[in-house]
Amino acid sequence: MEITNRQEKEITIVAVKGRIDGITAPEFETYLSELIAQGRRSFIINCSGLEYISSAGLRSILIIAKRLKTEQGNIYFSGLKGAVEEVFKISGFYSLFKIYDSDASALNNI
Amino acid sequence: MKILFNIKRPARLESLNYLIDMIGSCAKEQGLSEKKINEIRIAAEEALMNIINYAYKQKEGYVEVVCKTEPEGTFVIEIIDTGIAFDPFSVPEPDITQDIDTRQIGGMGIFLIRKLTDDFHYRRDGDKNIQELVIKLTPHN
């Protein structure tokens, strides 16, 4: 797994590549927790390079999303494809979160 | 039935990537799509992680993975452990319609196995838990 972030005005775009699985999910969660601790509150998670997410990754996302909710923050997703898109659909994440095709369309709509 | 491989590894986190890679490359040889292969890897990870985390408590134990094809056109992954009896069908399905405040953070693993495979079976045979993940070898997959 590889994670980078960039700032677009008040929104932090986090690009995650590779796999969020039982081994890497804690690292993903810590990365986002640290950004929240720095005061960031709005996130777009760019998943265009993400091949794979397991329940451990879903769990991390739910933990972060619940935390952001209590801090008046927001989390959005962009660029889902393949198995990741399928897992999001199966898990009901499409009704839980706003999901966009790309960062550009996310930025235009939030 | 044709057995493609049969491997046994300690039920530890260090074995996970190796086992999943083996299953993934075996699925690839069956001509399955990249998306389906990743779905199979996810389903297999869920089953393996449950064994690694819960089957043997503090003791050492093994997990055995058998990949095979069946003449009716299915790709089957058999995952076997000799830990405590655990029937994945005893776990209630998560409520995926809840909002972010009430949504449970866990309980998605077995649900994903059931949804990402065409068939999922469990049986207890002597001291063994045997989970069978079945994927149809159709052009759609």
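Is B:C67 buried or exposed? B:C67 is buried, at a relative accessible area of 0%. Keep that in mind for the cysteine view below; everything here comes from a predicted model.

**Figure 1. Chain A as a whole, with its helices and strands.** Chain A is built from 5 helices and 6 strands. Walk along the sequence and you meet them in the order β-β-α-β-β-α-β-α-α-β-α. The radius of gyration comes out at 13 Å, close to the 13 Å that the globule rule gives for 110 residues, so chain A is as compact as a globular protein of that length. If you want box dimensions, the C-alpha trace spans about 30 × 25 × 25 Å along its principal axes. Of the 110 residues, 51% count as buried. Chain A exposes about 4,900 Å², with carbon and sulfur atoms supplying 44% of that area. As for contacts between residues at least 6 apart in sequence, 67% of those in chain A join residues at least 24 apart.

**Figure 2. How confident the predictor is along chain A.** The mean pLDDT of chain A is 96, and 100% of its residues reach 70 or more. Where does confidence in chain A drop to its lowest? That would be helix α5 (residues 103-109), which still has a mean of 95. At the other end of the scale sits strand β3 (residues 42-46), where confidence is highest, at 98.

**Figure 3. Close-up of the phenylalanine cluster in chain A.** Ring pairs link A:F77, A:F88, A:F93 and A:F97 into a cluster. Over all chains, the structure holds 6 aromatic pairs. One of them is A:F77 with A:F97, an edge-to-face pair at 5.2 Å centre to centre and 65 degrees between the planes. A:F77 lies in strand β5 (residues 74-78) and A:F97 in the loop between α4 and β6 (98-100), so this pair ties together parts of chain A that are 20 residues apart in sequence. Both A:F77 and A:F97 are buried. Then there is A:F88 with A:F93, also edge-to-face, at 5.1 Å centre to centre and 75 degrees between the planes. Both A:F88 and A:F93 are buried too.

**Figure 4. Close-up of A:S91 and its contacts.** You'll find A:S91 in the loop between α3 (82-90) and α4 (93-96) of chain A. Why does A:S91 count as buried? Because its relative accessibility is 0%, and the cut-off for buried is under 20%. Which residues touch A:S91, leaving aside its neighbours within four places in sequence? From chain A there is A:L58, and from chain B there are B:I96, B:R103, B:M108 and B:L112.

**Figure 5. Close-up of two cysteines in chain B, B:C26 and B:C67.** A search of the whole structure turns up 0 disulfides over all chains. B:C26 is in no disulfide, and its nearest cysteine sulfur, that of B:C67, is 4.3 Å away. The count needs the two sulfur atoms within 2.5 Å, so a pair at that separation is left out. Seen from the other side, B:C67 is in no disulfide either, with the sulfur of B:C26 as its nearest cysteine sulfur. B:C26 is buried, with a relative accessible area of 4%, and B:C67 is buried at 0%.

Definitions and conventions
Residues numbered from 1 in each chain as written. Chains lettered and ligands numbered in written order. Predicted model: local features only at pLDDT ≥ 70, side-chain atom pairs only at ≥ 80, totals over all residues. Heavy atoms only, no water. pLDDT = per-residue confidence, 0-100. Helix = DSSP H or I, 4+ residues; strand = E, 2+ residues; numbered from the N terminus. Buried < 20%, exposed > 50% of the residue type's maximum accessible area, 1.4 Å probe, protein only. Contact = heavy atoms within 4.5 Å. Rg over C-alpha atoms; globule rule 2.2 N^0.38 Å. Areas by Shrake-Rupley, 256 points an atom, 1.4 Å probe, with all protein chains shown as cover. Phe/Tyr/Trp six-rings, centres within 6.5 Å; stacked < 30°, edge-to-face > 60°.
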